[in-house]
Amino acid sequence: MFLTTTASVLFAMSSLAPSSSGGDASPAGGGEDPAGRIWLEALDLGKIEQEVGRPQAARTVDGKPIEIGGEPFPHGVGTHARSRWRIGLKGAAARFTAAVGIADETRGEGSVEFQVWVDGRKVAESGVIRGDEKARPIEASLAGASEMVLIVTNGGDDIVHDHADAAYP
């Protein structure tokens, strides 16, 4: 899962350095590739609020390699429903793209829904995803946006086995 930066900040990410009070889009070292993508696992995961466990960079919430629907994903963030992650963008991101689903470690259990909010408006949602499903694509335009909020709901039931992964191959 990644953010695509605009051309003007492709190699000038220092202008997005996080402040002590922010969760701004700035890689924590090695998080941007030459195509202008910033892997979200390179951002400050400490800004994620979730009910169970701790968010993990490129791992599931239980610390295992991310695998959704039998497909491995080397990049991503493992969380647990219900979670919320505010990311300051300062108008420097172009697009959010991810494959979302429930970690295979739940053995087909759980249900979640991913939502992408941009500047206070819901702009994308995955629909309810169950533990036995393949990853679903989700993407949103971030052009000119100040803030993106990634939300994972419990899929309308409880939070048991809701190991939510937002990933990218």
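## The main core

Of the 30 residues in the largest nonpolar core, the ones that touch the most other members are Trp85, Phe96, Phe114 and Val116. Where does this core get its residues from? The elements that give two or more residues to it are strand 8, strand 9 (93-102), strand 10 (111-118), strand 13 (136-141), strand 14 and strand 15 (163-168). Strand 9 supplies the largest share, with five residues.

There's also a second, separate core of five residues, and its members include Ile66, Ile68, Phe73 and Ala99. As a bit of background, nonpolar side chains in soluble globular proteins tend to be buried together.

## The big picture

Keep in mind that what you're looking at is a predicted model. The mean pLDDT of the protein is 85, and 80% of the residues reach 70 or more. One stretch to treat with care is residues 5-23, where the pLDDT is below 50, even though this stretch has 46 contacts in the model beyond near neighbours in sequence. Where pLDDT is low, the predicted coordinates should not be read in detail.

How many helices and strands should you look for? The count comes to zero helices and 15 strands. The protein has 169 residues, and 50% of them are buried. Its accessible surface is about 7600 Å², with 50% of that belonging to carbon and sulfur atoms. Now take the contacts with a separation of 6 or more: 72% of them come from residues 24 or more positions apart.

## Strand 8 and its two partners

Strand 8 is a good one to find on screen. On one hand, strand 8 (residues 83-88) pairs with strand 3 (residues 48-50) in the antiparallel sense, over three bridges. If you want a spot to check, Gln50 has Ser83 of strand 8 as a bridge partner.

Strand 8 also pairs with strand 14 (residues 147-153): these two run antiparallel and are joined by six bridges. Here you can look for Ile87, whose bridge partner in strand 14 is Met148. Strand 8 and strand 14 also both turn up among the elements that give two or more residues to the largest nonpolar core.

## Two glutamines tucked inside

Start with Gln50, which sits in strand 3. Is Gln50 buried or exposed? Gln50 counts as buried because its relative accessibility is 17%, and the cut-off for buried is under 20%. The side chain of Gln50 has backbone oxygens to meet: that of Val52 is reached at 2.7 Å, and that of Gly53 lies 3.3 Å from a polar atom of the side chain. Leaving out residues up to four places away in sequence, Gln50 touches Pro55, Val61, Thr79, His80, Arg82 and Ser83. So Ser83 shows up twice for Gln50, as a bridge partner and in this list of contacts.

The other glutamine, Gln115, is found in strand 10. Gln115 is buried too, because its relative accessible area is 11%. What do the polar contacts of Gln115 look like? Its side chain meets the side chain of Trp117 at 3.0 Å, and a 3.5 Å polar contact joins it to the side chain of Glu113. Not counting residues up to four places away in sequence, Gln115 touches Lys122, Ala124, Glu125, Val149, Leu150, Ile151 and Thr153.## Odd spots in the loops

Some backbone details in the loops are worth a look. Which peptide bond is cis? The bond from Ala81 to Arg82 is, with omega near -10°. Arg82 belongs to the loop between strand 7 (75-80) and strand 8, and Arg82 is also one of the residues that Gln50 touches.

Next come two residues with positive phi values. Arg107 isn't a glycine, yet its phi is near 55°. You'll find Arg107 in the loop between strand 9 and strand 10, and it counts as exposed because its relative accessibility is 76%. His161 isn't a glycine either, and its phi is about 65°. His161 lies in the loop between strand 14 and strand 15, and it counts as partly exposed because its relative accessibility is 34%.

Definitions and conventions
Residues are numbered from 1 along each chain as its sequence is written. Side-chain values use heavy atoms; hydrogens and water are left out. Two strands pair if DSSP finds at least two bridges between them. Helices (H or I, at least four residues) and strands (E, at least two) are DSSP runs, numbered from the N terminus. Buried means under 20% relative accessible area, exposed over 50%, partly exposed in between (1.4 Å probe, protein chains only). Contact means heavy atoms within 4.5 Å. Accessible areas come from the Shrake-Rupley method with a 1.4 Å probe; for residues, only the protein chains shown count as cover. pLDDT is the predictor's confidence in each residue, from 0 to 100. A polar contact is a pair of N or O atoms within 3.5 Å; within protein, one must be able to donate a hydrogen and the other to accept it, and residues adjacent in sequence count only if both atoms are side-chain atoms. A nonpolar core is a set of buried Ala, Val, Leu, Ile, Met, Phe, Trp, Tyr and Cys residues joined through side-chain atoms within 4.5 Å.
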